[in-house]
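Some labels on a structure deserve a challenge. The turns below ask what stands behind a few of them.

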Amino acid sequence: MDKIYILGGAPLHGIIPIAGSKNSTLPLMAASLLTDETLTLSNVPRLVDVTTMANLLIQHGVELSTKRKSSECIYDGDILELCSKSVHNTTAPYEIVRLMRASILVLGPLVTRFGQARVSLPGGCAIGTRPVDLHLKGLEQMGARIKLNGGYIEARVRGRLKGTKIVLPQISVGATENLLMAAVLAEGETVLINAAREPEVCDLAHCLTVMGANISGIGTNIINVYGVNNLCGTSYKIRSDRIEAGTYAIAAAITRGEIELLFTCSSIMRTIFTFLKKCGVQIFSTERGVKISAVNGDIMGVDVMTEPYPGFPTDMQAQVMALMTTARGAAMITETIFENRLMHVQELIRMGAQINIHRTSSAIVRGVPKLSGAPVMATDLRASVCLVLAGLSAKGETIVDRIYHLDRGYERLVEKMAACGACIERVRT
Ligand code: UD1
């Protein structure tokens with residue numbers, strides 16, 4: 001199993017191109033099930049999760065081809081062509097769903113287009129129980145009959161799903177995406193109330209619109225969908241990954257360096273950048289993107305609470321925690337989306353961080369002058385990258401184990417950091 005070795009202390013200086021968004025790509029790939037014409041996605045990141053979704057779709061019968069960018073060209077993502085005219089299997093098997101929870105996103109498209117789906121229940125995961133009840137209740141309200149049988153969700157509808165008013169009791173990115181995809185081919189109007197407003201949900205809605213869907217309220221918490229009889233193929237460019245951009249912004253800040261991020265859409269980074277500015281980081285627009293600079297001084301401790309968009313993203317909480325470990329003063333970090341997403345705390349403490357957890361969802365981080373390198377391991381994607389960030393700033397050597405989590409969400413992480421002067425290496429053990 002590979003490990004990452006880091007010799008900390010070098011300030012990062014350089015340019016990092018940001019890849020296409022993982023959390024936009026996965027639902028957009030699932031959306032290809034909604035039409036028998038070809039959906040062409042560009043700026044697709046090269047990630048294990050994308051491969052997992054590709055494998056899931058292929059076993060449903062989707063014809064999929066990838067035009068790989070050359071390995072020298074770091075500026076454009078891959079191009080994926082997906083054609084669902086020969087789908088023959090509406091079962092999403094446990095063997096694939098257990099690898100990636102986003103597999104649940106095939107449920108809505110399969111039921112609405114083929115009238116049936118059998119999708120393995122995703123089960124719990126390291127960061128929380130993560131139920132899918134809102135996905136299922138919404139589909140039931142649209143007329144699907146849902147049974148749980150042998151660990152599988154079995155959904156059926158005679159004829160088309162029926163549009164209706166669905167009030168989501170809690171903001172859910174996944175449920176909004178699943179129900180949106182179900183609604184575009186349903187009969188009549190669906191209103192999703194308390195819908196998620198994440199940029200990745202908007203990416204999906206925009207692409208569906210270009211495919212012929214009739215959607216209004218995109219980017220608000222009330223989405224209206226007027227069902228159409230069929231959708232057509234299109235080409236769609238995936239926007240850049242705001243979490244990858246935020247992670248490299250923290251890499252600049254934690255090493256007191258300066259990094260220019262290419263292809264970042266600043267408007268969707270507002271909450272992350274506002275937080276960093278409060279910490280004392282300088283951020284300015286450049287012709288090609290955004291420059292993040294922390295060469296001029298201290299990082300201050302600033303409180304943060306995760307919330308649905310436009311609030312502070314849960315996917316940046318672990319990285320911010322790493323930054324706060326060497327900030328001046330204290331910071332209270334509160335996780336409100338998932339009940340078990342502070343697993344990185346114990347590993348940061350092993351590196352010399354001073355952190356106290358309160359009531360399982362909040363952590364008080366008191367900044368120390370320097371972390372010290374240590375062997376560490378993490379249980380999920382963002383916790384793993386938090387440990388890499390901590391290692392970059394720590395004194396001495398950090399060895400990060402179980403780095404397969406990183407391959408799910410960061411394309412060429414080691415290469416991008418090394419190009420900015422980090423002493424970082426991936427070693428096969
Ligand atoms: C969530 C994050 C998303 C992040 C992703 C991966 C939010 C709102 N969502 O999306 O930003 O990229 O994790 O880390 O920040 N829930 C239910 N029943 C359901 C669905 C969800 O109770 O049927 C609960 C979840 O347990 C969670 C909250 O709702 O507490 C938000 O979950 P949801 O947005 O659906 O999760 P993801 O789509 O995985």
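Q: Which residue in S23 is the bridge partner of valine 376?

A: The model is predicted. In it, valine 376 has valine 400 of S23 as its bridge partner.

Q: What makes S22 and S23 a pair of strands?

A: Pairing takes at least two bridges between the strands. Three bridges join S22 to S23 (residues 397-401). Therefore the two count as paired. They run parallel.

Q: Why are S22 and S24 called edge strands?

A: The open sheet has four strands, in the order S22-S23-S1-S24, with mixed pairing. Strand S22 (375-377) and strand S24 (423-428) each pair on one side only. The twist averages 25 degrees from one strand to the next.

Q: Which helix lies across S1, S22, S23 and S24?

A: Helix H12 (residues 381-393) lies across these strands. H12 runs at about 170 degrees to S23.

Q: How many disulfides does a search of the whole structure find?

A: The search finds zero.

Q: Why is cysteine 207 not in a disulfide with cysteine 232?

A: A disulfide needs sulfur atoms within 2.5 Å. The closest cysteine sulfur to that of cysteine 207 is in cysteine 232, 10.0 Å away. That is too far, so there is no bond.

Q: What about cysteine 420 and cysteine 423?

A: The sulfur of cysteine 423 is the closest cysteine sulfur to that of cysteine 420, but lies 13 Å away. Against a cut-off of 2.5 Å, this is too far for a bond.

Q: Why is cysteine 207 called buried?

A: Buried means under 20% relative accessible area. Cysteine 207 has 0%, so the label holds. Cysteine 420, with 2%, is buried too.

Definitions and conventions:
Residues are numbered from 1 along each chain as its sequence is written. This is a predicted model: local features need pLDDT of at least 70, side-chain atom pairs count only at pLDDT 80 or more; totals for chains, interfaces and linings use all residues. Side-chain values use heavy atoms; hydrogens and water are left out. Axes are lines fitted to C-alpha atoms, for helices over the stretch in contact, and angles run from 0 to 180 degrees between N-to-C directions. Contact means heavy atoms within 4.5 Å. Buried means under 20% relative accessible area, exposed over 50%, partly exposed in between (1.4 Å probe, protein chains only).
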